[in-house]
Amino acid sequence: MDTQNTSVRPHAQSRNSGENHPHRHTRAKTRPGGVIHDNTRHTTRFTVIGNHLTQHRDLSLLAIGLACHIQSLPTGARVDIKSLAARFPEGPTRIATALRELETHGYLRRTRERTETGRVVTRTVSCNQPGHHRDASETTPPRPPARRAATAPQQKPARRALPAVPKPAYSSPALLQAATEVLAGLRRTDPRLLLSATDAEHLAPGVAAWLERELTPTAVHHALTSDLPPEPLRRPAAFLAHRLSAQLPPQPPFRASEPPPPVRHPLRNCDTCDRGYRGPDPRNCQGCASTEQFSGTVGGLEAAPAGGPVPPQPRPM
């Protein structure tokens, strides 16, 4: 029974990891640094994202996160810059830059198309694997979103109010007309300053306040059109309202009114002495006028004219 069969190949002995490799699991548990995943298998509400996107070396973190968000959206969801800026705290400029990154590396395709009504819209296609998009014949057009029952007329979003503008101290129709003409001429210098009638009516008192401070229309025009920003003006009326308030010049210094110039009467000839004189009396000079004044009745008695006989005086009783 103790004799071994030498023709039978010896069986492989089982390897005991604890005995042959005593430090195998200990080294794995004590490995310093690095991330440790605690994963649970998803069964609902999940999106498959490739590592070529999440670990892309040329894309920014914002672009990677934005691509993951877009791939998780249902077909027909709005992914324009305005909608994404309303959804996330990043501004429109950063979101537009991230979209251009995704478009450069093939994760987005944006084309401009004209609808049946003649409106030009931007069609955005999200690609989870750049370079492997399906043919146009295999691509099914997205279903338009179901229209809600028209229970009430859709209200347009309220237009943001323009900033307040300074008011003139004494408004007049002529001053407001001059201010409106200044606003209407701004577009000749820069087409971006084209204003509607409503905007011009709101801004006219502010321009009138400038004109009231002894500024010429040319000076006001130059102040509103100089040093404009190079980027497009989305709300030119709001920009002008801010400039009218922020750069309002001070009131001119007080100046006392000058006395009226002395009256210069025309040269005349006196009717009495025939001498030339200037005075308010159109007939006699100042000397002859004084003589006539004292030649009247004095104390109830008629005074004799200068150089004439003295009238007889009554005798006392």
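Let me start with a detail of the hairpin: the residue that R109 has as its bridge partner in β2 is V125. One position along, R110 stands opposite T124 of β2. Please keep in mind throughout that what we are looking at is a predicted model. The two strands concerned are β1, residues 108-114, and β2, residues 120-126, and they pair in the antiparallel sense over seven bridges. Between them the hairpin has five residues, and within this hairpin G118 takes a positive phi near 90°.

Stepping back to the whole chain, there are twelve helices and six strands, and of the 317 residues 21% count as buried. If we take the contacts with a separation of 6 or more, 50% of them are accounted for by residues 24 or more positions apart.

Now to the interior. In soluble globular proteins, nonpolar side chains tend to be buried together. In this model the largest nonpolar core has 26 residues, and those with the most contacts inside it are L183, L203, V207, V220, L224, L240 and L244. At least two residues of this core come from each of α7 (173-184), α9 (197-212), α10 (217-225) and α11 (236-246), and the largest share, seven residues, is supplied by α9. As for L244, if we leave aside residues up to four places away in sequence, this leucine touches V165, P166, L203, G206, V207, W210 and L224. There is also a second, separate core of 15 residues, which includes L53, V79, L84 and L99.

Let me turn to one helix pair, α10 and α11. Two packed helices are described by the angle between their axes and the distance between the axes. Here α10 and α11 pack at an angle of about 115°, with their axes 10 Å apart, and their crossing is right-handed. On the α10 side the contact is made by A223, L224 and T225, and on the α11 side by L240, R243 and L244. By character, the residues of this contact divide into four nonpolar, one polar and one charged.

Which residues of α10 are buried? They are V220, A223, L224 and T225, and what covers these buried residues includes α7, α8, α9 and α11. Just after α10, D227 takes a positive phi of about 55°. In α11, the buried residues are P236, A237, A238, L240, A241, R243 and L244, and the elements covering them include α8 (186-189), α9 and α10. R243 is thus a residue that is buried in α11 and that also takes part in the contact with α10.

I will finish with a residue in a loop, F46, which has its place between α2 (24-29) and α3 (51-54). Is F46 buried, exposed or partly exposed, and why? Its relative accessibility is 46%, and therefore F46 counts as partly exposed, since that class lies between the cut-offs of 20% and 50%. Along the sequence F46 and S72 are 26 residues apart, while in space they are 7.9 Å apart, C-alpha to C-alpha.

Definitions and conventions: Residues are numbered from 1 along each chain as its sequence is written. This is a predicted model: local features need pLDDT of at least 70, side-chain atom pairs count only at pLDDT 80 or more; totals for chains, interfaces and linings use all residues. Side-chain values use heavy atoms; hydrogens and water are left out. A nonpolar core is a set of buried Ala, Val, Leu, Ile, Met, Phe, Trp, Tyr and Cys residues joined through side-chain atoms within 4.5 Å. Buried means under 20% relative accessible area, exposed over 50%, partly exposed in between (1.4 Å probe, protein chains only). Helices (H or I, at least four residues) and strands (E, at least two) are DSSP runs, numbered from the N terminus. Contact means heavy atoms within 4.5 Å. Axes are lines fitted to C-alpha atoms, for helices over the stretch in contact, and angles run from 0 to 180 degrees between N-to-C directions. A crossing is left-handed if the near helix is turned anticlockwise from the far one by less than a right angle, and right-handed if clockwise. Ala, Val, Leu, Ile, Met, Phe, Trp, Tyr, Cys and Pro count as nonpolar, Asp, Glu, Lys and Arg as charged, and the others, Gly among them, as polar. Two strands pair if DSSP finds at least two bridges between them.
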